Amino acid sequence: MIEGFQEIFFSRYNYWMAILLMLIGLYALIAKQNLVKKIIGLNIFQTAIFLLYISISEVRGGTAPIYLPEEGTLYVNPLPHVLILTAIVVGVSITAVALSLIIKIYEIYGTIDYDELMTVVRGR
Amino acid sequence: MLQDQLLILIIVIPILSALLIAAFGWYDRRWCYPITLITIFFQWCISLLLLHRVVHEGTIRYHVGGWMPPLGIELVIDPFSGFILATIMLLALASGIYARQSIEREIPPDKTVPFYVLFQLLIIGLVGMTITGDIFNLYVFIEISSIAAYALIATSKRSYSYIAAFNYLVLGSIAAGCILLGIGNIYVTTGTLNMGELAAVLPSSYHLSTVHAAFLFLIIGFSIKAAFFPLHLWLPDAYTEAPSAVTVVLSTVMAKVSVYALFRILLSIFTPAYMIDSFPITDVILMIATIAIIAGAVLAIAQNDLKRLLAYSSVSQIGYIMFALGVANQLALEGGLLHILGHAVMKGCLFMVAGIIIYRTGTSRLSEMRGLSQTMPISCAAFALAGASMIGIPPTIGFMSKYYLVLGALESGHWIYAAVLLAGSLLAVVYIWRFIEIAYFSGEHDHHHAADPEGPLSMLIPIASLALLCLFLGVFVNALMEIIEPAVTLLLGGA
């Protein structure tokens with residue numbers, strides 16, 4: 001039982017951490033009423049996926065993927081890093097668009113609380 | 001040779017043109033429209049050329065920067081993507097022509113330049129999604145098109161558009177996260193991102209739960225993007241609040257490309273054998289698709305706003321296309337592909353009519369459109385024609401696609417589902433008729449400028465040509481089937 005738990009949890013804790021972070025992000029995205037907090041949740045959600053990618057590229061005992069002339073050097077897989085670099089850029093742009101939308105919403109409705117926003121919208 | 005570079009040109013030229021629009025638009029706003037139009041026309045010509053070559057010479061591959069896969073990114077065009085590419089470029093051209101007069105009324109003048117830049121970026125993302133052969137590259141193009149779409153929705157003068165764009169952004173980003181996770185799982189299992197290679201390597205790991213998880217994440221992600229019921233919640237607000245020209249692009253081009261990506265993932269990367277043997281999901285898709293058809297149509301009937309009515313009708317029509325995926329045999333998929341083209345043409349026409357009505361009267365409420373057929377005869381006739389196609393009256397394109405869908409469903413023995421599909425058509429009669437009745441049969445019109453021209457030619461020409469296209473495509477459906485048949489055979493055979 002204990003060994004099974006160790007097998008499932010400790011040897012794969014990077015996956016558990018990613019799942020945990022992802023759920024925290026999703027929770028914030030759904031449950032928080034403040035629009036900015038929703039976007040923070042979205043960022044946590046995305047970061048969880050990024051960390052998952054980075055953690056799976058790890059090769060035990062591997063070094064940075066720089067080409068060295070000597071034979072037999074163990075490298076960390078560089079491809080997920082490159083992919084995530086792209087995904088981070090995408091994430092930043094989405095955050096920028098979202099925040100600028102929030103600024104506009106605040107200018108028009110005077111609130112960034114989702115419930116209040118809905119009452120203001122219905123009141124018009 | 002330039003001939004071999006066509007695949008990259010169709011992406012690179014609009015990127016340059018987006019920069020040009022920004023530069024020239026800063027100098028003088030009037031430059032934006034011609035540059036956009038020339039670029040899209042050029043892309044359309046390339047897409048037709050590519051379609052012609054693909055049909056006659058087979059699949060074309062292009063390696064970006066000369067890097068061979070699996071290291072480099074590959075652009076692939078086969079009969080399926082060639083067909084989709086030609087379809088979306090045709091609709092992009094029509095909405096490009098339509099956009100100028102329409103946005104004059106619906107977006108503030110200082111947003112004109114960003115509008116055209118974003119419009120161009122949206123088209124780049126969608127074209128890229130269609131022709132890419134690399135699954136991560138697909139994700140990047142999805143995000144390019146999505147970010148452009150979020151911003152485009154927010155260009156509208158209607159203040160609620162910001163909230164609609166925000167809701168779409170949140171749901172769209174969750175979808176993108178799911179897609180990214182799915183891609184990650186596939187990469188962990190196989191170590192490759194190239195679609196062609198994945199199709200060859202994946203079958204050996206079909207029993208792994210990692211692959212099942214990847215499959216589910218990808219389906220959910222793309223279903224949100226394609227607004228497949230019950231994941232359609234962003235759609236009605238986004239379609240209603242966006243400027244009409246944007247709604248046309250979103251409902252025709254963007255929805256279709258998302259469905260295309262779903263087809264690609266389910267049938268090319270994963271094979272139909274996987275869906276039947278290892279992970280029986282076709283029945284679930286079929287069931288949800290029929291619910292989508294009925295629920296979308298019922299919700300459409302309940303609306304009082306023409307654009308919102310058409311938006312819910314889109315939810316219903318996406319159900320038809322997913323129905324093809326649920327049946328997944330030759331005939332049904334041919335019907336599905338035909339419906340992708342058919343729905344793009346007719347829904348494009350219907351939303352354009354809604355746009356010209358907003359241009360003319362400033363409202364999209366159904367109750368204020370009484371007797372509209374007297375002041376806007378061409379638009380209302382176009383609406384009737386495209387509406388007939390939406391219902392599925394022969395010989396329109398809408399009839400042909402539903403005919404193939406029903407044949408496919410009957411061939412697989414799903415006759416109950418076939419009956420539901422026909423019931424969906426009957427419900428379409430109800431919501432299309434609501435407008436027809438108000439426009440044609442409800443007495444005197446409230447608008448007193450009958451002598452004015454109906455609307456600018458740049459809006460009327462796309463409307464009329466799309467409406468006529470509904471008819472012509474249905475009559476000359478055999479010529480279309482010559483392109484669609486090999487595409488479906490290729491899909492079912494595994495790319």
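This passage walks through a predicted model of two chains, A and B, looking at where they meet, the spaces in the protein, and a few spots in the backbone of chain B.

Where the chains meet is a good place to start. Chain A brings 36 residues to the contact, and chain B brings 26. Putting the two together buries about 2,700 Å². Carbon and sulfur atoms give 84% of that area. On the chain B side, a trio stands out: B:Tyr162, B:Phe166 and B:Tyr187 supply 24% of what chain B buries against chain A, more than any other three residues. As for salt bridges between chain B and chain A, the count is zero.

Next come the empty spaces. Rolling a probe the size of a water molecule over the atoms shows where such space is left. The largest pocket has a volume of about 480 Å³, and 19 residues line it. Nearest its centre lie A:Leu79 and A:Leu83 from one chain, along with B:Pro70, B:Leu71 and B:Leu193 from the other. Two elements give two or more residues each to the lining of this pocket: α4 of chain A, which covers 79-109, and α5 of chain B, which covers 135-153. Of the elements, α4(A) gives the most, with four residues. Sorted by class, the pocket lining holds 13 nonpolar residues, five polar ones and one charged one.

Closed spaces turn up too, with three cavities of 30 Å³ or more. The largest cavity comes to about 40 Å³. Its lining draws on both chains: A:Gln46, A:Ile49 and A:Phe50 on one side of the list, and B:Tyr139, B:Glu143, B:Ser173, B:Ala176, B:Gly177 and B:Leu180 on the other. The elements that give two or more residues here are α3 (35-56) of chain A, plus α5 and α6 (161-190) of chain B. With four residues, α6(B) gives the most to this lining. By class, the cavity lining splits into five nonpolar, three polar and one charged.

Helix α6 of chain B is also home to B:Val188. This residue counts as partly exposed because its relative accessibility is 42%, in between the cut-offs of 20% for buried and 50% for exposed. From B:Val188 to B:Leu169 there are 19 residues in sequence, and the C-alpha atoms of the pair sit 28 Å apart in space.

Last, some backbone details. Most residues other than glycine have a negative phi, and most peptide bonds are trans. Chain B has some exceptions, and the loop between α8 and α9 is a place to look for them. In that loop, B:Ala227 has a positive phi of about 60°, even though this residue is not a glycine. B:Ala227 counts as buried because its relative accessibility is 1%, and anything under 20% falls in that class. The loop, set between α8 (209-226) and α9 (235-241), holds B:Pro230 as well. The peptide bond that leads from B:Phe229 into B:Pro230 is cis, with omega near -10°. Another cis bond runs from B:Pro394 to B:Pro395, where omega is near 5°. B:Pro395 belongs to the loop that links α16 (377-391) and α17 (397-411) of chain B.

Conventions. Residues are numbered from 1 along each chain as its sequence is written. Chains are lettered from A and ligands numbered from 1 in the order in which they are written. This is a predicted model: local features need pLDDT of at least 70, side-chain atom pairs count only at pLDDT 80 or more; totals for chains, interfaces and linings use all residues. Side-chain values use heavy atoms; hydrogens and water are left out. On a 1 Å grid over the protein atoms alone, a cavity is a set of points where a 1.4 Å probe fits but cannot get out, and a pocket is an open set with protein on both sides within 12 Å along at least five of seven lines; lining residues have an atom within 4 Å of a point. Grid points are joined across faces, edges and corners, and a volume is the space filled by probe spheres set on the points. Ala, Val, Leu, Ile, Met, Phe, Trp, Tyr, Cys and Pro count as nonpolar, Asp, Glu, Lys and Arg as charged, and the others, Gly among them, as polar. Buried means under 20% relative accessible area, exposed over 50%, partly exposed in between (1.4 Å probe, protein chains only). Contact means heavy atoms within 4.5 Å. Buried area is the accessible area (1.4 Å probe) that two parts lose on being put together, summed over both. A salt bridge is a side-chain nitrogen of Lys or Arg within 4 Å of a carboxyl oxygen of Asp or Glu.
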